[in-house]
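Student: I am new to this structure. Could you take me through it step by step?

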Amino acid sequence: MTTITPGLRIPRTGSTTSATARQKPRQSRPAWLFIAPFAIVYLAFLIGPTLYMLVASVFNTSLVQSGFGSFAGLGNYAEMLTRPDFWSAMWHTVQFTLYTTPPLVVLGFVMAVLTNRVGRGQWFFRLAFFVPFILPSASIALIWSFIFTPNTGLLNELQSFLGLTPTPVLADPAWAMAGVAAATVWWTIGFNFILYLAALQEIPRELYEAAAVDGATPWQQIRFITIPLLGRTTTLVVLLQIIASLKIFDQIYLMTSGGPGQSTDVALTFIANTAFTSDRVGAASAASVLLFIVILLIAAVRQLITRAQEARA
Amino acid sequence: MATIQTARSRRSITSAAAPASNTALNGKGARGFRAAAAVVLALLAVLWLLPTLWAIKTSLSSNATASLGAPAILSDTQLTGHSYTALLGSGDLWNWYLSSAITSALTVILTVAFASMAAYPLSRMQFRGRKLVFLLVVAGIMVPTQVLVVPVFRELAGLGLLNTYWSVILPQVPAVVAVFIFKQFFDGIPRELEEAARVDGASYWRIYWSVIMPLSRPVVSAVGILTFVTVWNNLILPLFTLSNPKLMTIPVGLATVQGSYGQRLADIQASAILGALPLVIIYFFLQRRIVEGVAGSGLKG
Amino acid sequence: MSALPEGGVRRRTLLRGLFAGAAALGAAPLLSGCDSPIAAGLVHTQLDTSTVAFWNLFGGGDGARLQTMLNSYTAQNGANSLTAATFAWGDPYYTKLTLATVGGQPPDVAVSHLTRMQNLAEADLLTPITDGMLASAGLAASDFNQNAWANQKRAGQNFAIPLDTHPFVLFYNVDVCEKAGLLDGNGQLKPIRGVDQWEAALDAAKKATGAHAVASASVGDYATPWRFFQTLYSQMDGSTPFLGDSGRSITVNQDLARKTLAYIQRMSTQGWLAPTADYAGAEELMFTGKAAFYLEGEWELTTAQAVKGLKFGMAPFPQLFDRKAAQADSHTFVLPKKDRTPEETQRAMGFIAAMLKQSMTWAQGGHIPAYLPTLNSSEYQKLEPQASYSEVAQYTHYDSLAWYSGSGSVFENIVGAQIALVQQRLASPDAGLANINSQLSPYLHAANPL
């Protein structure tokens with residue numbers, strides 16, 4: 001899913017209200033013709049599947065049989081809500097969010113503030129910090145799994161060099177999620193970096209100049225000017241990060257397949273396994289609906305916060 | 001905040017805004033701070049470049065050297081492009097590039113066309129159901145499409161589209177956010193430009209095609225690039241809809257098809273690099289558009 | 001700092017090229033032949049009708065030997081006669097195979113574990129193999145290990161052609177066993193029979209290593225604990241299949257299961273069995289002489305052979321209880337369901353026969369050939385250490401049939417995880433068994449999706 005930043009504003013040089021209501025009846029037909037192609041794919045691949053998911057969640061729908069199968073009532077939901085592995089997948093999803101959000105926010109902020117100060121060669125830091133973000137997760141996973149290779153990997157070597165006990169990160173249930181989180185931070189920090197960088201350049205330099213004249217140290221300037229003025233961006237970054245984390249799939253599927261054991265199984269890998277490995281589309285649909293509700297709730301919270309911020313601004 | 005309408009914004013992140021920021025953060029203790037900042041930034045940059053450089057270095061070793069581990073790879077001075085010639089010599093990778101290119105390009109074309117067409121009446125026309133359509137667009141932004149992968153799979157199976165490029169293209173065309181971006185942009189285009197055409201009796205279609213779209217190049221390229229990158233990198237959808245190795249996209253191919261013998265670690269790292277390469281090339285050509293597109297509308301998730 | 005001038009010409013040209021290219025690609029199916037992936041991707045034509053598409057899940061040593069066998073096939077039939085694809089082992093592979101068949105583009109021939117092919121057949125994803133098809137490739141039912149052959153049948157029809165049997169066996173470190181006095185005059189492990197002999201051997205081995213006597217994986221690997229359990233449990237008179245009624249009920253003999261778990265824990269408590277080791281770690285214990293025995297499927301032969309300076313032997317897992325038994329599975333060839341012309345069927349069967357005739361190559365990796373002409377050949381009978389455990393194929397116990405069971409399945413994961421906890425002394429046998437029963441219950445009650 002793509003998301004819009006609420007700060008996206010276009011100067012309105014034209015007026016949308018100049019079109020008057022007298023044209024209303026004559027415009028309906030052409031308007032709907034314009035909308036029709038998008039409406040068809042929207043109904044077919046967004047609304048349709050959502051309805052299918054709701055219906056299948058109360059049936060014993062199978063991947064390898066046609067039709068919905070026998071009626072299950074709320075059985076699939078009852079099953080999911082009482083299954084320890086469903087809850088552990090949900091918990092791992094939260095765990096992933098907790099591991100990735102703080103470094104993504106703090107490091108993204110630090111990188112942006114520091115890069116913003118660089119006179120020449122900003123392109124180099126954009127290259128270093130941002131480019132991983134547009135690369136395929138499959139490449140990221142191959143690169144990081146190799147770094148984490150037990151006994152012979154780069155991390156292993158680095159730990160030995162520093163006199164630490166090497167950790168087989170992805171093979172150890174206690175560390176696997178941290179390993180995935182590290183790769184994720186490396187991969188996606190570019191997004192937050194760019195958002196912060198854009199926000200920083202909106203801060204009038206006069207503010208800093210005035211503060212410097214008043215004898216504020218750079219730390220004070222960051223503390224009392226930069227951080228407060230980037231508050232909205234930080235809220236946005238945190239909320240987008242939470243929503244993205246709930247939908248994590250690629251890194252887990254590619255780096256650990258939910259293992260070792262089930263120590264990194266997350267909501268979407270659990271759903272995909274239920275549907276495509278256990279062939280239980282109905283049960284997977286029930287789990288999807290539950291996840292869907294959680295994501296919608298958080299998206300709604302985001303809307304509320306954004307609105308509150310806009311009202312204050 | 002940078003906007004999609006970057007072509008017109010005076011200060012964009014990628015333009016030379018540096019002199020302005022350079023004067024910032026002066027004052028007491030500025031020198032020490034600047035030194036510390038430079039060190040931290042340099043360390044972070046090294047840390048962020050290291051994984052990629054390590055993958056490149058490994059990919060330029062032989063498979064035998066790579067399997068010996070980090071010290072052997074590090075001290076290996078005999079660089080070889082063997083892994084690259086081997087991968088590019090076998091047909092698989094080219095098929096995957098082809099699949100990724102076709103699915104991404106067709107999705108871009110359909111998304112840009114459909115989304116801009118839908119956005120036009122939302123921006124310019126009064127019609128029954130306008131509020132409902134707009135509401136559906138806003139609601140659609142919140143729908144987590146990854147969660148729909150199971151029902152979308154069933155639907156594609158029902159339509160007989162599994163193992164075709166369409167199974168990757170069609171579900172990604174209704175990118176609601178694109179409609180939103182186009183509408184915002186169209187709202188900013190002065191209406192006076194259309195008046196003349198309307199006086200001449202031009203149809204809505206003609207105005208859309210010959211007046212609005214030509215003015216919308218920046219937003220077309222922003223939406224196009226973001227869609228391209230998103231579709232190229234999508235794993236979860238093609239992972240389940242494309243099971244024929246010849247039709248797989250780059251991410252799916254890299255993720256599922258294994259080398260059939262031995263630990264070909266150098267080859268694996270080379271495949272990671274080759275899988276990422278097209279996007280790096282695109283970045284070098286279009287970095288302004290990409291960076292500003294991402295800043296204006298998150299690719300996230 | 002843009003690398004491009006404002007409104008860069010290059011950029012616009014590139015974009016234009018991109019669109020033009022996409023348009024050209026759209027028209028390509030009109031111009032290209034029916035074998036092109038573009039045509040298949042856009043209008044769903046079948047790919048490669050003249051070659052055998054073969055999918056498998058073999059990595060490591062198995063993958064290397066398979067490649068040798070495939071190379072010999074292409075050497076005889078031409079380089080374009082075959083397209084082989086190898087996928088990640090376990091669930092990812094079976095998921096791909098299922099989705100490809102549901103999606104109408106499965107391979108012509110695929111490898112499947114015997115415990116997994118029953119589910120594929122029940123889901124109607126496999127083409128039955130008739131006697132006529134066997135005969136057309138010069139094969140017959142009597143050519144195969146009858147234990148494996150009987151287990152692939154379903155309602156009287158054949159759905160898979162077994163390639164091998166791969167049982168759980170005992171690896172031993174020759175130097176350690178010699179020191180412990182466990183070898184006979186030929187340097188082979190002396191026969192061990194019954195709990196008393198076994199425990200005496202463990203005591204001697206433990207003294208010799210100064211550490212443990214046996215190593216078997218219990219961390220990060222749930223299949224091995226299951227294989228260990230199933231081997232011991234199946235040796236007891238009165239042991240019943242773990243699941244019954246196609247997976248709708250747990251039919252395991254609870255007393256014997258508890259007894260088996262208690263015995264595994266006893267081995268840990270006595271210091272014989274290394275309680276905590278992962279797959280590679282357990283192996284390493286035997287390789288480095290910190291354990292005399294290592295328990296795993298015979299495929300670890302390749303790994304052991306690669307260890308420099310290691311002298312090791314292999315034997316059937318000893319009979320500790322009432323009868324000989326060992327957990328096992330088989331690799332088989334299956335024909336995923338798809339429309340096939342008689343020529344395509346013939347070609348697929350011919351490919352399978354060509355692979356079976358190279359069973360000797362395959363056997364070098366430790367697997368016991370299911371193809372009797374190879375198994376009974378003097379060449380195989382002389383192959384060591386393979387010949388010293390090949391009898392196990394006669395008394396194997398496959399996993400129970402259920403839609404959630406089979407190699408690498410949910411069932412193995414749930415049950416194996418609890419057995420591993422018992423082995424590590426982190427759970428009592430009673431608690432382990434109770435957890436197994438409760439964690440399997442959602443699957444017992446869920447509607448069978450097949």
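Tutor: The following exchange goes through chains, interfaces, a helix and a residue. Please bear in mind that this is a predicted model.

Student: Let us start with chain A. How many helices and strands does it have?

Tutor: Chain A contains 13 helices and one strand. Read along the sequence, the pattern of chain A is β-α-α-α-α-α-α-α-α-α-α-α-α-α.

Student: What box do the C-alpha atoms of chain A fill, and what share of its residues is buried?

Tutor: Taken along the principal axes, the box for the C-alpha atoms of chain A is roughly 80 × 75 × 30 Å. Of the 313 residues in chain A, 58% are buried. As for contacts between residues at least 6 apart in the sequence of chain A, 69% join residues at least 24 apart.

Student: And chain C, what does that one have in terms of helices and strands?

Tutor: Chain C has 19 helices and 16 strands. Its 450 residues include 59% that count as buried. The C-alpha atoms of chain C fill a box of roughly 80 × 65 × 50 Å along the principal axes. Among contacts in chain C between residues at least 6 apart in sequence, those joining residues at least 24 apart make up 75%.

Student: Now the interfaces. How many residues of chain A are in contact with chain B?

Tutor: On the chain A side there are 126 residues, in contact with 130 residues of chain B. The area buried between these two chains is about 11700 Å², and carbon and sulfur atoms give 73% of that area.

Student: Which helix of chain A gives the largest share of that side?

Tutor: That is helix α1 (residues 24–56) of chain A, with 20 residues. By class, the side of chain A that touches chain B has 79 nonpolar, 36 polar and eleven charged residues.

Student: How many salt bridges and polar contacts are found between chain A and chain B?

Tutor: The rule finds zero salt bridges across this interface. It does find 13 residue pairs in polar contact, both residues being at pLDDT 80 or more.

Student: What about chain C and chain A, how many residues are in contact there?

Tutor: Here 19 residues of chain C are in contact with 20 residues of chain A. About 1600 Å² is buried between chain C and chain A, with 64% from carbon and sulfur atoms. The count of salt bridges is zero, while three residue pairs are in polar contact, both residues at pLDDT 80 or more.

Student: Which elements of chain C give two or more residues to that side?

Tutor: They are α4 (91–102) and α19 (429–445) of chain C. The largest share, six residues, comes from α4(C). The residues on the chain C side divide into 15 nonpolar, three polar and one charged.

Student: Changing topic: why does the distance between the ends of helix α6 of chain B agree with its number of residues?

Tutor: Helix α6 (residues 91–124) of chain B has 34 residues, so at 1.5 Å a residue it should span 50 Å, and its end C-alpha atoms are 49 Å apart, which agrees. Of those 34 residues, 26 are buried, so α6(B) is mostly covered.

Student: One last residue: is A:Ser137 buried or exposed, and why?

Tutor: A:Ser137 counts as buried because its relative accessibility is 3%, and buried means under 20%. A:Ser137 lies in helix α5 (residues 137–147) of chain A.

Student: Which residues does A:Ser137 touch, leaving out those up to four places away in sequence?

Tutor: In chain A, it touches A:Trp187, A:Asp250 and A:Leu254, and in chain B it touches B:Asn233 and B:Leu235.

Terms used
Residues are numbered from 1 along each chain as its sequence is written. Chains are lettered from A and ligands numbered from 1 in the order in which they are written. This is a predicted model: local features need pLDDT of at least 70, side-chain atom pairs count only at pLDDT 80 or more; totals for chains, interfaces and linings use all residues. Side-chain values use heavy atoms; hydrogens and water are left out. Helices (H or I, at least four residues) and strands (E, at least two) are DSSP runs, numbered from the N terminus. The expected span of a helix is 1.5 Å times one less than its number of residues. Buried means under 20% relative accessible area, exposed over 50%, partly exposed in between (1.4 Å probe, protein chains only). Contact means heavy atoms within 4.5 Å. Buried area is the accessible area (1.4 Å probe) that two parts lose on being put together, summed over both. A salt bridge is a side-chain nitrogen of Lys or Arg within 4 Å of a carboxyl oxygen of Asp or Glu. A polar contact is a pair of N or O atoms within 3.5 Å; within protein, one must be able to donate a hydrogen and the other to accept it, and residues adjacent in sequence count only if both atoms are side-chain atoms. Ala, Val, Leu, Ile, Met, Phe, Trp, Tyr, Cys and Pro count as nonpolar, Asp, Glu, Lys and Arg as charged, and the others, Gly among them, as polar.
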